[in-house]
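Reader: I am new to this structure. Please take one part and go through it closely.

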Amino acid sequence: MNAVKNLSHYLSRLFKQGAGIWAYLFNRVAGLGLLAYLFIHLAVLSLLLQGPAAWDKFVLLARTPFFLMFDIILFAGVIGHGLNGLRIALLGSGILVPHQRRLLIGASVTGATLWLVAVVL
């Protein structure tokens with residue numbers, strides 16, 4: 001029961017934090033997701049060694065709506081991780097430090113716009 005209480009306390013403190021903690025958490029999750037994608041991508045490419053039949057079977061599977069949903073999630077991770085990394089680089093180099101919140105909002109709006117355009121196309 002004590003562990004549940006500690007977790008509840010931790011989560012309540014986390015929700016009271018600013019937007020920066022959410023950008024940090026998103027960046028970590030997106031980075032781990034992109035790392036997992038890299039390994040999955042390499043495993044899929046190994047199907048090429050099994051010949052055209054194995055590759056064609058995978059391509060049919062990859063064109064299903066279920067797999068296309070993962071492409072949309074992948075694009076969100078790439079855009080979000082990249083823009084947040086750019087924001088962190090600008091802040092870490094001392095540029096735009098007084099405008100952290102505006103920079104985060106600008107990166108978020110830009111990322112969401114790019115993601116929506118990609119989803120529609």
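Author: Here is a close look at one helix and its two packing partners.

This is a predicted model, where local features need pLDDT of at least 70, side-chain atom pairs count only at pLDDT 80 or more, and totals for chains, interfaces and linings use all residues. Residues are numbered from 1 along each chain as its sequence is written, and side-chain values use heavy atoms, without hydrogens and water.

Start with helix 4 (residues 65-92) and helix 5 (residues 100-120): their axes come within 9 Å and cross at roughly 155°. Helix 4 is therefore roughly antiparallel to helix 5 (angles over 145 degrees count as such). Contact means heavy atoms within 4.5 Å. From helix 4, Ile 72, Phe 75 and Leu 83 are among the residues that meet helix 5, whose side includes Leu 103, Ala 107 and Trp 115. By class, this contact has 14 nonpolar, three polar and one charged residues.

Now turn to helix 2. Helix 2 and helix 4 pack at about 130°, with axes 9 Å apart. That makes helix 2 oblique to helix 4 (oblique is what remains outside under 35, over 145 and 65 to 115 degrees). The residues here divide into nine nonpolar, seven polar and one charged.

Asn 27 lies in helix 2 (residues 19-45). Asn 27 counts as buried because its relative accessibility is 14% (buried means under 20%, with a 1.4 Å probe and protein chains only). Not counting residues up to four places away in sequence, Asn 27 touches His 81, Asn 84, Gly 85 and Ile 88. The side chains of Asn 27 and His 81 are joined by a polar contact of 2.9 Å (a pair of N or O atoms within 3.5 Å, one able to donate a hydrogen and the other to accept it).

Terms used. Axes fitted to C-alpha atoms, helices over the stretch in contact; angles between N-to-C directions. Helix = DSSP H or I, 4+ residues; strand = E, 2+ residues; numbered from the N terminus. Nonpolar A, V, L, I, M, F, W, Y, C, P; charged D, E, K, R; others polar. Buried < 20%, exposed > 50% of the residue type's maximum accessible area, 1.4 Å probe, protein only.
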